[in-house]
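Dear colleague,

I am handing over the structure we spoke about, and my notes on it follow below. Please read them with the coordinates open.

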Amino acid sequence: MTRLLHRLLAILILCAAATDLAAQDTTKVLEQVEVSSQRAPSTLRTAAPTQVATAESLEKIGAVQLSDAVRQMAGVVMKDYGGVGGMKTVSVRGLGSQFSTLVVDGVAVDNSQNGQVDLGRYLVGNAAYVSLSQGHEQSDLLSARAYAAGNVISLESAEPRFFLAERTNLKAGLEAGSFGLLSPSLLWEQRWSRRLKSSLWVNYLRSDGDYPYTLYYTASRTDSSSREVRQHSAMHMLTADGSLFYTIGSGNTLTAKLHYTRGMHQLPGHVVYYRPEPSAQSTHEEAAFAQARWRLVRPRWKTQVLGKVQTTYDQFEDSAATGMRNNYMENHYRQHEAYLSGSAAWEATGWLDVSGAVDGDLSHLASNLAYRNTVSRYSVVGAVAAKAHYGHFEARANLLATASTDRVVDLDTTPTYRRLSPYASLMWTPAEGVAVRYFYKETYRVPNFSELYMFQSLPRNLRPERARQHNIGLSYMGATVAATVDAYFNRVTDKIVARPGQNMFYWSMENLGLVHILGIDATASLHAGPFEMQCNYTFAHAVDRTNPENPKTYGHQIRYTPRHSGGGSARWNGRWVNLGLQAMVVGHRYAYQQNTAANRLPAYCDLGIGADRIFDLPWGTLRVQVQVLNLLDVQYEVVQFYPMMGRNFKLSLTYEL
Amino acid sequence: MLIATLAMLALTACEKTPEPEPTGDTLGQNLLVLNEGVWGGNNASLTRIGADGVDPDWFSTVNHRGLGDVAQDLVLHNNHAYITVWGSGSLEAISLPDGHSTRVDLGKRGPRYMAIDGGKLYITCYNPHSVVRVDLATLEVEAECLLGGYNPEGIAAVDGRLYVASDNIADSNGLYRYDNLLYVVDEATFRVVDSIVVGVNPQKVLRVDDQTLVVNYLGQWNTTTYATEGEGSAVVDLATHTVRPTGQALTNMTVAGGTIYGYVRSYESQGPATRYVAIDPQTLDVSTILPGCTVDQPYAIDVSADRQHFYIASDGERIVDGDLYSYRPDGTLEGRSEVGMLPSKVVQY
């Protein structure tokens with residue numbers, strides 16, 4: 001879509017220029033218009049259900065954090081601890097959050113410490129698109145890690161685009177909103193030569209997060225309540241992204257990226273009955289990585305090499321830690337990672353493509369914890385894949401081999417994990433715009449360092465969690481309407497369950513769980529003149545099947561997973577102003593594995609409206625957007641006792657030179 | 001296949017998630033069960049079991065508000081039940097039998113266990129490490145007695161003196177340091193006047209009679225072998241401060257009719273089986289009790305004064321509501337009732 005728009009824009013510019021030239025009755029040679037090769041993944045003609053939010057749609061909904069983009073997608077359950085600074089993780093189709101892999105510009109983000117990636121700490125201000133693929137993306141050049149994921153959230157940075165003789169693009173943005181939200185950003189794109197381009201994007205994000213909420217003192221929410229204000233919830237974060245795009249030759253590109261982020265998040269903690277005083281917990285984090293991607297595309301083969309080095313530092317501090325010496329707790333973790341990936345694809349015959357990928361990764365974590373504070377993990381992942389296409393059919397299959405081993409200070413054993421995981425898919429396109437698809441995938445995830453070594457009283461031989469996914473679906477794309485419906489069945493075995501031990505600092509981890517998830521994801525979109533609309537619906541019957549003898553959990557919906565959820569957005573592109581509406585509806589959920597009334601969290605609807613307009617100024621364009629979020633001021637919690645923001649306002653200004 | 005799957009989904013969509021109600025088996029006594037709740041869940045509760053049935057959250061039913069975050073201890077005195085709520089910093093004074101409660105705000109003190117003597121309520125607190133004295137007539141905190149550098153836990157009052165177990169404390173990086181003392185506090189001066197060396201990491205201390213206490217200690221975690229070492233229990237002679245180890249580890253315990261009852265359990269799934277025992281405080285003879293008891297993850301134990309009913313509460317694997325079981329002395333099951341999350345204390349009233 002982006003590419004098409006750019007082409008249209010280019011044609012319009014050319015027409016306008018040509019008209020102008022014709023009027024002058026002179027002859028000039030027009031400079032070439034650059035058309036970006038950056039394309040978002042296909043959402044309809046693909047065996048793996050894929051949802052995409054383009055830069056344009058991200059701008060329309062006023063997305064700032066990656067979580068803003070992903071929460072709107074079908075099948076996603078966002079675990080949000082509230083406010084701009086609250087941690088935000090996703091669970092897709094009932095699989096745990098650690099089955100989701102975040103891929104930034106082709107490289108998977110690793111967090112061996114706790115296996116979870118906070119989507120609130122990744123910003124989309126310079127994104128070309130964000131996509132969510134079930135199974136894995138259907139690209140020929142995937143890293144082996146991307147094959148290994150249960151589902152992939154991909155964040156692709158925008159490649160600079162220049163029109164006519166432009167050499168410099170500048171874009172300044174400012175987001176301001178309720179409760180101290182302020183987010184200035186600056187994008188500088190430069191064309192240094194015909195082959196070399198660069199971009200630098202800097203963003204500062206801050207929020208006070210001191211929003212009011214209602215505290216209910218019983219689960220029924222019908223008895224005592226009080227009006228409170230969320231305290232100790234401020235955050236600030238600086239992000240800088242520098243990228244180089246070098247075209248070595250035809251189909252031969254090298255991109256490199258330097259990323260730095262530094263932030264502080266005050267953690268308000270859960271709301272405690274009768275304790276109005278603020279928490280004293282906070283985190284400080286700093287991360288830097290350098291990564292490069294070289295890609296060579298030839299008519300019958302292509303290859304890619306990715307490399308990345310990363311260092312992260314996280315510190316958790318609590319100066320009111322009751323029960324700790326001097327009421328003080330401080331843990332810090334420094335993680336280093338080195339990662340290298342190579343992949344290649346070859347068109348063997350007119351109907352068969354084969355490809356393969358190998359990744360190697362070294363992760364080292366050092367902390368100040370009293371025990372088992374230094375851990376290293378070495379992992380190698382390899383995948384071979386084949387794609388066959390004949391007539392209206394396309395079949396894909398791959399086999400993934402993973403192996404990893406850990407070295408731990410003060411632990412004699414070195415846990416080692418090895419496994420083969422297959423994948424197969426079939427797509428049939430019986431008519432233009434119609435596709436029927438099926439995939440089967442096995443995924444497993446190695447326990448992270450927290451589960452294996454930290455905060456538990458005794459190291460256990462934890463087995464990896466395993467997931468088997470089946471998906472069958474139908475997609476349709478017409479001139480104005482597009483729709484998909486997918487039914488799926490996921491089976492998660494050896495689910496790792498954490499339980500408090502004899503004290504609150506150390507927990508026990510065990511492979512206890514068996515979960516079955518049967519669900520439907522449906523999406524639809526409509527574009528008719530100035531009106532556009534999209535919506536999605538998810539049904540997820542995600543139940544515990546661990547122990548038939550335990551009626552308190554067997555057959556119960558798993559925690560924080562609604563049976564019904566959905567959302568949508570509508571937009572009217574007017575001549576004078578554009579109007580938009582977004583809605584997210586989430587059915588009731590349970591905060592604990594036992595589905596009792598006391599553990600039930602009520603359903604909620606989060607509705608937002610907005611208006612935007614682009615003003616043409618002498619030296620650029622100014623886009624102004626105003627939004628009212630949670631318009632109905634619904635008091636809801638995604639995670640129990642972490643209240644979300646009520647009605648709030650946001651103003652966005654984007655000036656493009 | 002798609003149609004079949006959709007049909008199956010439609011059917012399951014109509015299936016209601018089971019919401020089991022408490023079984024309500026009458027356990028034959030007026031019982032209160034304190035359910036600790038999960039930290040962060042604000043789901044501490046007080047279950048009332050009587051001839052008229054079971055109210056799993058009686059406190060909320062009567063008071064129209066929740067008990068709070070992590071209930072710690074429950075004691076009965078003079079037609080009142082007193083509950084400390086650690087996370088919420090509360091002392092709840094509940095009149096019986098109607099259940100109406102008055103909340104006393106203890107702020108950041110982190111109240112733990114209680115003992116009552118001479119119209120005063122004594123509460124061990126984490127912040128600062130202390131015992132506070134509350135006047136039961138006015139429910140006001142009267143005085144504070146500071147202890148050592150470890151977290152105080154169990155407390156017993158005997159003959160004008162308080163005996164306070166002090167277990168451990170964690171450094172900022174999670175390194176645990178352990179105490180091994182019972183602090184002796186004089187009620188009149190409200191000062192620490194003595195200490196008694198018991199085992200490492202003492203937890204609960206209970207009055208057996210006017211001359212005797214029993215204390216359990218959980219030992220310490222060996223960072224090399226990953227085993228717990230030094231756990232046990234001991235009987236303390238208050239006249240001589242003589243400490244006699246029983247040779248029996250006790251995870252939790254109670255005293256009824258001059259006999260110590262308790263259990264030892266492991267919190268690891270591959271640990272040794274749970275064992276229920278009785279200990280004669282005079283002879284230190286240890287005998288196994290409740291041979292038919294199948295509760296392998298107990299969290300509370302109580303024995304009726306006539307020693308005809310043994311109440312064992314299971315911990316619900318620490319992820320769901322627990323159950324209260326009543327056993328006869330021969331180990332046969334009398335009844336069962338679902339209670340709340342992490343039932344930690346059972347009392348008759």
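In this predicted model, β16(B) and β17(B) make a hairpin that leaves 4 residues between the two strands, and within the turn Phe190(B) has a positive phi of about 55°. The strands concerned, β16 (residues 181-186) and β17 (residues 191-197) of chain B, run antiparallel and are joined by 6 bridges. One of these pairings can be followed at the level of residues, since Asp186(B) has Arg191(B), in β17(B), as its bridge partner.

Elsewhere in chain B there is an open sheet of 4 strands, in the order β8-β9-β10-β11, with antiparallel pairing. Its edges are taken by β8 (111-117) and β11 (140-146) of chain B, and because each of them has a single partner strand, one side of each is left without a neighbour in the sheet. On average, and with direction ignored, neighbouring strands of this sheet are turned by 25° against each other. Between β9 (residues 120-125) and β10 (residues 130-135) of chain B, the antiparallel pairing extends over 6 bridges, and Thr124(B) finds its bridge partner in Val131(B) of β10(B).

The cysteines deserve a careful word, as the count of disulfides over all chains comes to 0. For Cys125(B), the closest cysteine sulfur is that of Cys145(B), and because the two sulfurs are 11 Å apart, they are too far from each other for a bond, the cut-off being 2.5 Å. Seen from the other side, the closest cysteine sulfur to Cys145(B) is likewise that of Cys125(B), at 11 Å. As for their surroundings, Cys125(B) is buried, with a relative accessible area of 0%, and Cys145(B) also counts as buried, at 2% relative accessibility.

A further open sheet of chain B, again of 4 strands with antiparallel pairing, has the order β28-β29-β30-β31. Here β28 (298-303) and β31 (333-341) of chain B are the edge strands, each pairing on one side only, and neighbouring strands are turned by 20° against each other on average, direction ignored. Strand β30 (residues 321-327) of chain B is joined to β31(B) by 6 bridges, with the two strands running antiparallel, and among the residues involved is Ser326(B), whose bridge partner in β31(B) is Gly335(B).

Turning to chain A, you will find a nonpolar patch on the surface, formed by Leu170(A), Leu186(A), Trp188(A), Trp192(A), Leu200(A), Val202(A), Tyr204(A), Leu238(A), Trp619(A) and Leu657(A), which together have about 930 Å² of accessible area. Two strands of chain A, β9 (181-191) and β10 (196-207), each supply at least two residues of this patch, and it is β10(A) that gives the most, with 3 residues. Leu657(A), another member of the patch, lies in the segment after β35 (648-656) of chain A.

The last item is also in chain A, where Ala357(A) sits in strand β18 (residues 352-367). This residue is buried, with a relative accessible area of 3%, and although Ala357(A) and Gly342(A) are 15 residues apart in sequence, their C-alpha atoms are 5.6 Å apart in space.

With best regards

Definitions and conventions:
Residues are numbered from 1 along each chain as its sequence is written. Chains are lettered from A and ligands numbered from 1 in the order in which they are written. This is a predicted model: local features need pLDDT of at least 70, side-chain atom pairs count only at pLDDT 80 or more; totals for chains, interfaces and linings use all residues. Side-chain values use heavy atoms; hydrogens and water are left out. Patches are made of residues with over 30% relative accessible area and no salt bridge: like charges are joined within 9 Å, nonpolar side chains (Val, Leu, Ile, Met, Phe, Trp, Tyr) within 5 Å. Accessible areas come from the Shrake-Rupley method with a 1.4 Å probe; for residues, only the protein chains shown count as cover. A salt bridge is a side-chain nitrogen of Lys or Arg within 4 Å of a carboxyl oxygen of Asp or Glu. Two strands pair if DSSP finds at least two bridges between them. Axes are lines fitted to C-alpha atoms, for helices over the stretch in contact, and angles run from 0 to 180 degrees between N-to-C directions. Buried means under 20% relative accessible area, exposed over 50%, partly exposed in between (1.4 Å probe, protein chains only).
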